[in-house]
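Here is a set of questions and answers on how the descriptions of one model follow from their definitions. Please look through the structure before reading on.

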Amino acid sequence: MKKILALAAVLLLAASAAFAQLGTGTVNTNLNITVIPEAALTIQTPNTSLTSPGTLFSNYTGTTNFTYFVRTAVSGGVSHITLAVTTDFAGSGIVGPSVGSPLDAADLLTYVPTVPNPSKHGTSTVPSSAVSAALTSTAVTAFSTDARTDRGGVSSSVAWTLVNDPDYQTGSYTAVVTFTISLT
Amino acid sequence: MKKLLKTLPLLALILLFTASVGHAQSATGTTSVTVNVAAEAALTVASPTALTAIGSVFNNYTGSTLVTYFIRTKQSTGSGTISLQVTTDFSPAGGPSVGTPPTAGDALKYTCSGAAPATPCTGSQPASTGSSSPVASFGADAHTTTTAGSTVTTSWTLTNDPVYKTGAYSATVTFTISAS
């Protein structure tokens with residue numbers, strides 16, 4: 001009798017196991033993702049040249065192109081793009097342009113940003129007038145809450161103007177400008 | 001089933017790698033801003049210049065022209081000049097003339113004055129319709145230091161020949177600045 005009961009138990013277990021392996025039931029699993037605010041940019045003009053027509057000491061001008069990607073929080077979140085002259089002009093002349101210590105107070109490096117609205121949602125607000133570049137961060141644009149671009153980003157630019165002071169010595173001068181996109 | 005279990009980790013790894021490569025952006029980017037500062041020059045001239053004679057005993061006509069200039073010459077091998085030329089002789093006819101003076105010896109002449117970085121011309125210079133005459137010269141690494149520019153002055157003398165008919169006469173003098 002004991003043997004029969006043991007055999008029955010084994011048969012039942014085998015049957016249940018066999019059913020679990022050979023059955024066609026479905027099983028669900030949840031994929032959970034948290035989309036957080038993010039922001040990034042790429043620079044299309046790693047070397048920006050400022051040029052002048054060469055007559056009447058017309059100002060030097062040039063353009064830096066960049067692409068931004070942004071996703072700000074649906075509520076309460078914003079994003080900013082800023083730039084700073086992280087390395088002041090230096091070059092073959094001793095007396096040349098300078099952002100930190102200009103020869104004359106009017107010798108400014110200024111810029112006008114062109115930053116279209118995010119391609120999917122939200123707004124971009126640039127300064128209302130030309131901005132004087134500085135060794136510390138200055139504004140390029142501010143994005144609204146729930147600002148979103150598509151995967152291709154949004155093409156933007158900064159148009160530079162440098163005063164052509166006759167007091168500069170001739171030569172080539174280079175500064176480094178760092179663009180930063182941030183989230184708050 | 002076993003094959004699938006073996007393949008899944010590799011597939012996940014491939015997907016993760018692809019995702020990271022597809023979004024190679026960052027929060028910062030830099031650009032090098034370069035400007036080539038070249039030799040350059042410009043000037044402005046106050047116009048018109050009135051030549052007047054003092055008294056009534058045929059003293060010469062005199063007057064002066066203020067030239068405001070802006071200049072930048074190359075650091076080690078640069079130079080510059082300011083020159084002038086009578087590009088339109090006195091008119092109407094019957095009065096003074098630079099190109100064909102009514103009397104030999106009738107002349108429009110000038111002297112120059114000014115401070116550094118200019119070196120003004122020395123002595124009395126004859127103005128000419130046929131060629132340019134010197135006003136100032138500049139050496140290497142010469143540059144004006146203020147946004148208002150620097151100045152040189154040409155002081156004119158025109159012979160007061162009694163043979164001139166009475167009336168108003170006008171000539172055009174062109175100043176030219178160059179820098180290298």
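Q: What is the mean pLDDT of chain A, and how many of its residues, in per cent, reach 70 or more?
A: The mean for chain A is 88, and 87% of its residues reach 70 or more, where pLDDT is the predictor's confidence in each residue, from 0 to 100. This is a predicted model, in which local features need pLDDT of at least 70 and side-chain atom pairs count only at pLDDT 80 or more, while totals for chains, interfaces and linings use all residues. Residues are numbered from 1 along each chain as its sequence is written, with chains lettered from A and ligands numbered from 1 in the order in which they are written.

Q: Over which residues of chain A is the pLDDT below 50?
A: The pLDDT is below 50 over residues 8–21 of chain A, and this stretch has zero contacts in the model beyond near neighbours in sequence, a contact being two residues whose C-beta atoms, placed from the backbone, lie within 7 Å.

Q: How many residues does each chain bring to the contact between chain A and chain B?
A: Chain A brings 42 residues and chain B brings 28 residues. On the side of chain A that touches chain B, β10(A) gives the most, with 12 residues.

Q: What makes β2(A) and β1(B) paired strands?
A: Strands are DSSP runs of E of at least two residues, numbered from the N terminus, and two of them pair if DSSP finds at least two bridges between them. β2(A) and strand β1 (residues 28–37) of chain B have four bridges, in the parallel sense, so the definition is met. Within this pairing A:Thr48 stands opposite B:Val33.

Q: Why are β7 and β11 of chain B said to stand at the edges?
A: The open sheet of four strands in chain B has the order β7-β9-β5-β11, with antiparallel pairing. β7 (119–120) and β11 (170–179) of chain B each have a single partner strand, so one side of each is left without a neighbour in the sheet. Nine bridges join β5(B) to β11(B), and B:Leu84 stands opposite B:Phe175 in β11(B).

Q: Which side chains of strand β6 in chain B point to the buried face?
A: B:Leu108, B:Tyr110, B:Cys112 and B:Gly114 point to one face and are buried, whereas B:Lys109, B:Thr111 and B:Ser113 point to the other and are not. A residue is buried if 20 or more other C-beta atoms lie within 10 Å of its own, exposed if 12 or fewer, and partly exposed in between, with C-beta atoms placed from the backbone. In a regular strand the side chains alternate between the two faces of the sheet.
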